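Open the model in your viewer and keep the selection tool ready. We will go step by step.

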Amino acid sequence: MAKTVKAVVIAGNGTNCEREVATACKLAGAECHIVHIAELLAGRARLDDYHFLNLAGGFLDGDDLGSARAGANRLNQATVLNSQDSLADQVQRFIADGKLIMGVCNGFQLMTKMGLLPALDRDYHSQSATLTFNDGGRFEDRWCYLKIDPASPCIFTRGLDGIYLPVRHGEGKFMVQDDMTLEQIEARHLAVVKYCDPDYQSPVMEYPMNPNGSVAAIAGVCDESGRLFGLMPHPEAYLHRTHHPRWTREPDLPEEGMGLWLYKNAVNYIREELL
Amino acid sequence: MAWRIIVGLKDNVRDARGERVKREIREHLGVALRSVRTMDVYTVDADLTAQEVAAAAAGPFSDPVIQDYAINQPLAHDFDVLIEVGFRPGVTDNSGRTAREAIQYITGRPFAASEAVYTSVQYLLSGAVDVAVAERIVSGFLANGLIQRWSIVPANEFDRERGLPVVVPKVDVGSHQVAIREIDLNVSDSKLLQISKDGMLALTLEEMKIIQGYVADPQVQANRKEVGLGAMLTDCELEALAQTWSEHCKHKIFAAAIDYEDTTTGEKQFIDSLFKSYIMRATRDIRAQAGDNDICLSVFKDNAGVIRFTDDWSIVFKVETHNSPSALDPYGGALTGIVGVNRDAFGTGMGARLMFNTDVFCFASPFYDKPLPPRLLHPRRIFDGVVEGVEHGGNKSGIPTVNGSLVFDERFAGKPLVYCGTGSIMPAELNGHPCHEKQALTGDRIVMVGGRIGKDGIHGATFSSEELHEGSPVTAVQIGDPITQRRMFDFLIIARDRGLYNSITDNGAGGLSSSVGEMAEDTNGFEMHLDRAPLKYDGLQPWEILISEAQERMTVAVPPDMLSEFMTLAAEMDVEATDLGQFTDSGYYHCLYQGKTVTWLPMEFLHNGVPQLQIPARWVPPQTDEPQLPSPDIDSTIKQLLGSLNICSKESVVRRYDHEVQAGTVVKPLTGIANDGPSDAAVVRPLADRFDGVVTAHGICPRFSDLDTYHMTANAIDEALRNYVSVGGNIDHVAGLDNFCWCDPVKSEKTPDGEYKAAQLVRSNLALYEYCLAFGVPLISGKDSMKNDYQIGDTKISIPPTLLFSVIGKIDDVRQATTMDAKRAGDLVYLLGRTEDELGGSEYYALHGELGANVPKVDAQSAMNRYRSVNAAQKQGLIASCHDLSDGGLAVAVAETAFAGGFGIAVSLTKLDAPQGLSDATLLFSESASRLLVTVRPEHQAAFESLFTGQSCRCICEVTAFNELRITSSNGNPLAVSPIDDLKTAWQAPLKEM
C-alpha cells in the first residue's frame, strides 16, 4: 500500500483560501489538515509531521503594514509554547529535510518577505525581492495566461508549458533589490511563471495581460531546489472545469482544472522522493 | 515617550499609491499636480528602547527591498506642500493595532493599556500647489474631517531636522466622572420632549408619557426600592428603552396602524401592521400551500432567514442597509455595512460559515456638476468611498462578492443607498439538533466575544458634527476591522462545532442592550455587569457601555460547565472573550455597575410596551401622460442607452471585488468571450464534493415608483426571479428578502406629503404580498430604512421609494447553469414573453427627460409557466444562453448578448409577439416584464419549442458570424446595423476609469 502524503495548510489571522487549498491537496491524492496557527504556537501541531506546507491566500493581519509583513514578523518571531523550537526553526528544518512549500498570493508574499524566496544561493533568511502595489494602484480579480519556464527546477510545474489562472490581489508587483538579483533569478530559471499572451508564447509587460507591472512579467518564483514555490495567481481557484470563466462556452474543457496539476506534481514528487 | 517612525519608498521606486492619488485629485477636484508621493507614519506611544524601535522600523514596518525609514526625523524631501492625515482620537486604526501586535512579537512584552501605535499618511505634493489648494485637496478628497485630522506644511516652513511634531491622538476623556444619572420624568410634556431631544433618544411624546406613567406606578416604585434603585429612572434605563423602542430596532412604521384610502376605487382599509398583514402573511400562506415542499426553516425570528439546501445543509441570507453612515463617511460606513451584515449571516441559528456577499449601491451620477446643498458629499466621493469600503470589508474577510448593481438617480444625492447582503451555510444538524435553532438557558453565562467597547456608534443615527471637537472620540462614524472579526469567526466556528455555547447573536444596532436583551427573551431575564466589559479606553459611562455599537462583537450564551473550555480556546486563538453575567428567569432586564443595580426593567415592558404608531395614507395616482416623441435614430439611441449610467458596464467596480475566493463561484459576475459580459445572477457551489449550487439574484427599479410603487414592487420581484431563472435557479426552490428604503412616510410639518408616501408604502406591500404568493416565493428576512431624506433649510431631497428584492435558491447541478453570452453562430434567438406598450419609467424615456405613464405590469401566472419551462430546458441542456430583458428593453439585451458572446445577432421585429401597431422604438425599448432572450442550437429547436407550447415564444432570428447587430423593422425594412465592437465600446465607456 502506498504511504500517505501529508499536506498542511496554515489558517488564521486573515488567511482566506485554506479550505480550497485543502481541497486541491486532497484531490491531488494527499491527506490534508487545515491547522490554525494557534495550534502550532500551542505546540499541539508540528510542521515536522507533514511533507507539504501550504501558505494560502488571504490578508494576513489585513496586510496593514504592507502585504504579509506583519505575518512574516509573526512567523519569524513567535515562540512555541513549552518548546525550544520556534516556528521559524520548524520552517527551516522543513526546508532542510527536502520537503515542499507552496505559497499562493498572500502565501507567496509571506514567503518572499520571510526570505524563503527566491533564496539565491539557498540563503533562506534574507529578503531580496518583494511584492508591492500593482501599478494600477488597485486590487483586481482577473484571469491571466501564464507561461511556464520548462528549464526551471520547479517540481510543481514539471511537464507544463502554460496555465490559465485568476489573480486576485492589490499588491502583486514583483520587484527585486537590484539588477544582479534579477539576473540570477533569470539565469537560474527561478522565474517559473510569467504573465503572457493568450497563446502562452511570450511574457508581456502590458496591462491587463500583466495585471500589476511585475518586473520581467514575473508571476511566480521558486528556489534553486525547486521545492519552494510561490506565485500570485491562484491554482486552487481552478480545480474543476466549472471554475473556468468560460466553461459554459468551451465544451471541450477537461473536467480537471489546470491548477490541480501543480498539486498533483507536488504529491507525485513526495511519493517518489520522500516516502 | 512617543516615537515617530516614517517609512517611504526609495527614490527610484514607483509610488503606485501616490500616482493613483494624483490621478484622483485631478478627476475629483480638477487640480493637476506634477507628482504625489506617499509615506507611512507610525507614532509609537510606548515604553520601548531605541533598539526595539529600530527593530520594528527595520522589520515589520518597512520593506528593505523598496523602502527607507527614519526615526524621529523626517524622510520627506523635494516637495512643495506636505500633508499629513491621521485619525482623530478613538477612531479605529487597524494598521495601528497590527503595528502594536508586531512590536509585541519583537519585544515579547504586551503593551500597557495606555500604550498604542497610531498611524498616519504623508502626501508630498509637487506642482502648482499652495496651502489653500492643499486645504481644498485634503478636505475635498484626501480626508474626512469627521474621523480624520491633518496638518499642512509648505516646503519653506518644513523643519528639515525634526520634521512634523509628534501628535499622539489618545482619547482624552477629560474630567468626566463615571456616574449614574437619574432622570426626573415627573415634568411637563414640553420638558419630556426636551429630554428626548437633548438626549438624542428619538422618543415621541406619547412614548415618553408611557415611560413617565410606568415609573410613577407605586408598585413599580416599591419594587425599585427593593433592588436599591431610586424613584427616578437611571440614564441606563432610559437609554435602554430608547434603543429598544427605536425605529431601527422596533420597526414602528411597519408595525403601525394605517388608515389607507385608495381614491381611485374609493376603498378604505385599516391595516394593523404592514409587516404582519403583508410580509409575514405572505410567508405563512406560501408555507401552508407548500406543505411537505416547504423550504423555509427559520423566518423573521433570527438575524437572517434560513432555508433548506440539501438534506445535510441549510443556507442563510440577510441583506442590510447602511445609508446614513455611508452618507457621512462613505468608506467607513460601507465597510461597517458589509462586516456588519457578515455578523448577521454568521450569527444565525448556532452560527453559519460565510459563503458570499452581494452589494447594491444607489448613487447620484458621479459626474454630477450642479451646486450641492450644504453638508452633502459629492456623489463621486461617495461612489469611491463606498466601493472601497465594501472592497476592503469583503476581500479581507475572504468572502466572494458575487452579485450586485449600481443604480443611479439624481435624488440619491440626498442620501445614497448602500445595500450589503451575505449568504452563509450551516449543517442541517449540529450535535443532534437543528443548527438553525438556538436557545439560551437560565444560568448560561453572557459572554461577549471580539472587539472592545468604545464610544463608537452611540446615537449613531442622530449624529451631528457640531459636537465633535479635537479630543472627543467620534461616535457616529465607525471603521470596521475585518481581521479582528475574521479571528472571531475562526474561533466561533470551532466553538460551535465543539458545542461550547447554546446561543449566539450579533452586537449591532443597540449593542449589548439589544443583543443581550433579545437573547434574554429565551429565559425571560438577565443579569449583566457592565463594569466587566472590556473597554477601548477609560471613561465610558455605564449607559455608553450598554448601548455602544462598537463593531466586531458577538454575544454568546455559554453553559457554565463549558465556560472554561470556551475561554481557553478564545485565549489561544487571540480572541478576547469576557464573562459579563448570566441569563436568568427573573423577568427583569437587570444591569449592574460595580455591584450596584443600574437597570431594573420588566422584560415585558421593554419589549412590548411601545405604543403603536398611527399613520394616515391616501393614494392619489400621479397625473402623467405618454410623451409624443419623434421616431428616433435607432443606432444612436441604442448606443446612448448602452452608455447610460444604469445600463453601462460596471466592470471597473466588479473587478475590485474578489468574486471567486472560496473556489465556489461557478457563474461569475463577468462572463463571455472576453470575461466582461454582464451576468444576470450568480451561481455558487459551496460544497466541493457535491454539484448542488446556490443561486442568488436581485431586482431593483426605483424609477417605476414615480408612477406606482405597486408596479415598482411587482417589477422588482419579477426582475429578481427572471435573473435567477436566467442562470438556472430552480423557480420552485427560492426565497426572497425585502429591503425597503423609503423617504419618511409619516405626515408631519416636515413631511406634508406623508399621506402620499405612506400610500406608496402600502401599495408596495400589497404588491409584495400578491406577487410573492403568485410566484410561491416565501419572504424569509428583510429590513427597512425609512428616513432617507435630506433636509437643511429649504432644501429637501427625498429618495425615490426603493425596494431591493433579493432572492436565494438552488440549482440541483451547477453544470446545468446557463450564462448570458451568445455561444455560436447559427444558433436561433428566441424572445420569451410578450412585448407590450410599456415605456413608462423606461431608460428610453429617461434619455428624453420623460417619465411617461404606461408602467410595465407583471403577469405572474404566465411568467411562472415560462420560468418553469426555462428550468426544464436548462435541465435538458437545450439552452445555449439566456439573458433577462430589463433596463433598455430588447435592444439592450440583444446587444449585450451579442457583444458578450463575440458574435453578431440579426433581429426581425416582424416576428415579435406584441400588439399590432407598436412603433419600432416601443418594440425595441419597452421594458415589459418577465421576458427572456434565449439562444438555442438549431438541432434543439423542436425539443425547445415543445416545452413552450401555448406560451409566448418567438424565434426572432439568429446568431451570426458577422459581428454586427442587425435590426429589421416591423414592416420588414432594415432599421439599424451596428458593429458589436462599437456597441461594446459605448457600453464600457462611462465608468471605465472609475
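This is a predicted model. Start by showing chain A and chain B as surfaces. About 5300 Å² is buried between chain A and chain B, and carbon and sulfur atoms give 49% of that area.

Next, select A:Leu65, A:Arg138 and A:Arg249. Together they supply 14% of the area that chain A buries against chain B, more than any other three residues.

Now widen the selection to every residue in contact. You should have 63 residues of chain A and 68 residues of chain B.

Look for charged pairs. There are 10 salt bridges between chain A and chain B. Zoom in on one of them: B:Arg486 with A:Glu18, where the closest N and O atoms are 3.2 Å apart. Then turn to polar contacts. The interface of chain A and chain B holds 37 residue pairs of this kind, both partners at pLDDT 80 or more.

Which elements of chain A each supply at least two residues of the side that touches chain B? Select the helices α1 (18-27), α2 (37-41) and α3 (69-77), then the strands β5 (129-132), β6 (140-148), β7 (162-169) and β8 (173-176). Stop at α3(A): with five residues, α3(A) gives the most to this side of chain A.

Color that side of chain A by residue type. Expect 18 nonpolar, 23 polar and 22 charged residues.

Finally, color chain B by pLDDT. Its mean is 94, and 98% of its residues reach 70 or more. Then select residues 461-473 of chain B. Here pLDDT stays under 50, and the model has 25 contacts beyond four places in sequence for this stretch.

Definitions and conventions. Residues numbered from 1 in each chain as written. Chains lettered and ligands numbered in written order. Predicted model: local features only at pLDDT ≥ 70, side-chain atom pairs only at ≥ 80, totals over all residues. Heavy atoms only, no water. Contact = heavy atoms within 4.5 Å. Buried area = accessible area lost by both parts, 1.4 Å probe. Salt bridge = Lys/Arg side-chain N within 4 Å of Asp/Glu carboxyl O. Polar contact = N/O pair within 3.5 Å; in protein donor to acceptor, adjacent residues only side chain to side chain. Helix = DSSP H or I, 4+ residues; strand = E, 2+ residues; numbered from the N terminus. Nonpolar A, V, L, I, M, F, W, Y, C, P; charged D, E, K, R; others polar. pLDDT = per-residue confidence, 0-100.
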